Amino acid sequence: MDRRKLLKSALFLPLAGLAPSGLARAIDGLTALRSRLRPGSPDWPGATEWSRLDAAVGGRLLRPVSPFSAKAAPTKRAEALAHLKNPYYLGDEPALTQTSGWADAWRSSVSPYAVAATSSRDVAAAVNFARQHRLRLAIKGGGHSYQGTSNAPDSLLIWTRRMNAVTLHDDFVPAGTTVAPQHAVSVGSGALWADAYDAVTTRGGRYVQGGGCMTVGVAGLVQSGGFGSFSKRWGTAAGNVLEAEVVTADGQVRIANAATHPDLFWAIKGGGGGSIGVITRLTLRTFELPETFGAVFGSIRARTPEAYRALVAKALDFYRTALFNPNWGEQMRFAHGETLGISMVFQGISRADAERIWAPFSEWVKSRDDLVVDRRIEAMALPARHFWDAEFFRQHAPGLMVDDDREGAARHHVLWAGDQDQVGWFIHAYQSAWLPSQLLSDARRSELVDAICETSRQWDMALHFNKGLGGADPAAIERARDTATHPQMLDAFALAIIAASGDPAFPGMADPDLAEARHRAKGVERAMNTLRRVAPDAGSYVSESNYFERDWQRSHWGANYPRLARVKAKYDPDGLFTVHHGVGSERWNSDGFDPMR
């Protein structure tokens, strides 16, 4: 077999699960792929064609300009610098993204044209135009993607930010089904979780499973799987989708649910954003709100390596016996200086219950002369309805939330102060690994303790307990099982994350220190390799994964990838939707413009 045939065979490995007819269509599609056009190409659409698109979308065709471009007015640049750490400002700029780039991977880029969509009709018009003119498409809602999937140079951008309506339902029934009416919320694809939480919880008194960061887009989170602070109680955002409106590559607006287009419905729930179609609306189930949400914080430092190992061992054993259940979420951080940081949340129990649960661990810490308490372990709680209530926090806990500081900004547009370091950041490295619950067993826990100690001495790491469903409510696990998210998350007790980043570095604003970034990326790589010794086959969470992952199909989706490839071949046989390490992207080169030959 020659080199070209060998390469093509490798490309088909993810499609091995296809039925013969589906495989034939995929092969035909691969051999028929044509390169996409860039500005300046002879066949690039002319002014007349762009005017027709503008008319079709109601005059909402934009020519975005970065505020850091030489073409931008000095006042615009000054405005952007003043709001550089405001994610709402960045999201409202079609030329910017909430992540400014990743070392040696991508930089935030500006599309020459963007459709500021306000309806599925606008989205369909943009999709049809891109297909007919062989254009590279990019889709941006929240623009939060670490992998750069919400932007692409020389592309036509579908910008859904203005599609942000949130509607509550008391008796929603998915189209074409006969299930009992239920409480739900319909959310436009440009809405952020801050919008959803304000409508559903603060004003509506119910709960919707979403992300911990309020400025993440609803549609993007669902397509990546969707873990939030309380996932062990209510599951993933993807697992709670009841229905979706999706524009597919043929320009059709389709309603997808368990009865209508069930394969498409399954694929958009965790199959990755920008690969299958453009979501324009999602409807998610809502739940009865508990009386209380709360949190536990603390920081403990060990004086010696032996004391640090004892601290890690005690923390993991305490988690296994007291916290490994639907009541608890969020994380413990194992950091340089042999420090344990505690940032846990709880629901369904009172503050007094939380203090009682943590008392044995606190007493153990106090009994050790070789441990230093940098921050006393303490619990706090509030009525669950106020957990995302900006006005409540302004009155009772100023400083925990940061406002969108622009004049006329929505009062509920805030973010947790602890998330602000991610706004505009330039990523040096980011890796994650699902750790199986078996590692908490008596037979394997010592091995896990050693791995965490060795890893955290190389680089800070965090265990995000809410990003694995091990120990979760059984109903939540079953709902998540019927999604495209990697099956390992069903049993994982936590998602381990190791990362490094620097200050914002938008093109035209600042250049990153790539030498420093590469040095730090090597440190993250070494640390994750150390941790993976106890979980060598661990998959990673697609939205928080390594940009340079080689075996990304297995790592991101495991056994679900062949099924995702079948859905891709059915609804997008010509590969109109392409993102880095998205389903079907192995058919294209790294920038998505030319097919692999």
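Here is a short walk through two sheets, the helices lying across them and one buried glutamine. The model is predicted, so local features need pLDDT of at least 70 and side-chain atom pairs 80 or more, while totals for chains, interfaces and linings use all residues. Numbering starts from 1 along each chain as its sequence is written, and side-chain values use heavy atoms, leaving out hydrogens and water.

Start with the five-strand open sheet, ordered S7-S8-S12-S10-S11 and antiparallel. Strands here are DSSP E runs of at least two residues, helices H or I runs of at least four, numbered from the N terminus; two strands pair if DSSP finds at least two bridges between them. S7 (166-172) and S11 (253-256) are the edges, each with a single partner, so one side of each has no neighbour in the sheet.

Now pick S10 (241-247) and S12 (278-285): six bridges join them, and Val-246 sits opposite Ile-279. Add H7 (193-202), which lies across S7, S8 and S12 at about 50° to S7. Axes are lines fitted to C-alpha atoms, for helices over the stretch in contact, with angles from 0 to 180 degrees between N-to-C directions.

Next, select Gln-223 in helix H8 (218-224). Gln-223 is buried at 9% relative accessible area (under 20%; exposed is over 50%, partly exposed in between; 1.4 Å probe, protein chains only). Its contacts (heavy atoms within 4.5 Å) include Ile-268, Gly-270 and Ile-279.

Finally, go to the nine-strand mixed sheet, S3-S2-S20-S22-S21-S15-S16-S14-S17. Arg-333 stands opposite Ala-462 in S21, and H12 (351-366) lies across S14, S15, S16 and S17, at about 175° to S17.

Notes. Lists of a residue's contacts leave out its neighbours within four places in sequence.
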